[in-house]
Amino acid sequence: MTPAGQLCKASLQIKDAFAALRAAKLALYEASEKAISAKAALDKKRSELLATDGAITGPNKEAREAKVDQLCWLEMAALEVAEAEKRKAAHESDQAALVVSEIQWLIRNDEATAALVRERIL
């Protein structure tokens, strides 16, 4: 492949890698927002339950907290799912960033090698 062809190929690779990184970062942002919303929903439900007189009864604090957890199981499950999605999106974002870094390194390496070759030839 000619040097111009290699440069074009590298240009397309870095463009694609940055597009994938942008998409992964957007997915991470959206997953983070879902996790924040799920946490807010759980906190709201817990607050509502604790504020309602007589809704939560028990002989001690631990028993009352257990009762709140039982009544918030749906919100807790939604939070767990949202946090798992956020962790997955973070991993995918990290992987996309590594691809960008690798391509950038390869390009820098090719440029340095080409400079060394030019110096020896000239």
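## Exercises on a predicted helical model

H2 and H3 are roughly perpendicular to each other. Keep in mind that this is a predicted model. Let's work through it.

**Exercise 1. Find out at what angle the axes of H2 and H3 cross, and which residues meet there.**

Step 1: Start with the axes. Those of helix H2, residues 61-71, and H3 come within 5 Å and cross at roughly 70°.

Step 2: Put a word to that angle. Anything from 65 to 115 degrees counts as roughly perpendicular, so that is the label for H2 and H3.

Step 3: Look at who meets whom. From H2 come Asp69, Gln70 and Leu71, and across from them in H3 sit Trp73, Glu75 and Met76.

Step 4: Sort them by class. The contact of H2 with H3 has three nonpolar, one polar and two charged residues.

**Exercise 2. List the residues of the largest nonpolar core and say which helix supplies the largest share.**

Step 1: Pick out the members. There are nine: Ala35, Ala38, Leu42, Leu49, Ile56, Val68, Cys72, Leu79 and Ala82.

Step 2: Ask which helices feed it. Both H1 (3-51) and H3 (73-121) supply at least two residues each.

Step 3: Settle the share. H1 gives four residues, the largest share of this core.

Step 4: Zoom in on one member. Setting aside residues up to four places away in sequence, Ala82 touches Ala31, Lys34, Ala35 and Ala38.

Step 5: Don't stop at one core. A second, separate one has seven residues, including Ala17, Leu21, Ala96 and Ile103. As background, nonpolar side chains tend to be buried together in soluble globular proteins.

**Exercise 3. Work out whether Leu49 is buried or exposed, and which residues it contacts.**

Step 1: Place it. Leu49 lies in helix H1.

Step 2: Check its accessibility. The cut-off for buried is under 20% relative accessible area; Leu49 has 15%, so it is buried.

Step 3: Collect its partners. Leaving out neighbours within four places in sequence, Leu49 is in contact with Ala55, Ile56, Val68, Leu71 and Cys72.

Step 4: Now look at a residue from the second core. Ile103 is one of that core's members, and its C-alpha is 53 Å from that of Leu49, with the two positions 54 residues apart in sequence numbering.

**Exercise 4. Decide whether Glu75, Asp43 and Leu106 are buried or partly exposed.**

Step 1: Take Glu75, which has its place in helix H3. Its relative accessible area is 17%, so Glu75 is buried. Beyond its neighbours within four places in sequence, Glu75 contacts Ala41, Leu42 and Lys45.

Step 2: Move to Asp43 in helix H1. With a relative accessible area of 33%, Asp43 is partly exposed. Its C-alpha is 9.4 Å from that of Cys72, a residue 29 places away along the chain.

Step 3: Finish with Leu106, another residue to place: it is in helix H3. At 38% relative accessibility, Leu106 counts as partly exposed. Leu106 and Glu92 are 14 residues apart along the chain, and their C-alpha atoms are separated by 21 Å.

**Exercise 5. Find which elements have the lowest and the highest mean pLDDT.**

Step 1: Begin with the whole chain. Its mean pLDDT is 89, and 93% of its residues reach 70 or more.

Step 2: Go element by element. H2 has the lowest mean, 88, and H3 the highest, 93.

Step 3: Remember the general caution. Predicted coordinates should not be read in detail where pLDDT is low.

Key: Residues numbered from 1 in each chain as written. Predicted model: local features only at pLDDT ≥ 70, side-chain atom pairs only at ≥ 80, totals over all residues. Heavy atoms only, no water. Core = buried A, V, L, I, M, F, W, Y, C linked by side-chain atoms within 4.5 Å. Buried < 20%, exposed > 50% of the residue type's maximum accessible area, 1.4 Å probe, protein only. Contact = heavy atoms within 4.5 Å. Axes fitted to C-alpha atoms, helices over the stretch in contact; angles between N-to-C directions. Parallel < 35°, antiparallel > 145°, perpendicular 65-115°, else oblique. Nonpolar A, V, L, I, M, F, W, Y, C, P; charged D, E, K, R; others polar. pLDDT = per-residue confidence, 0-100.
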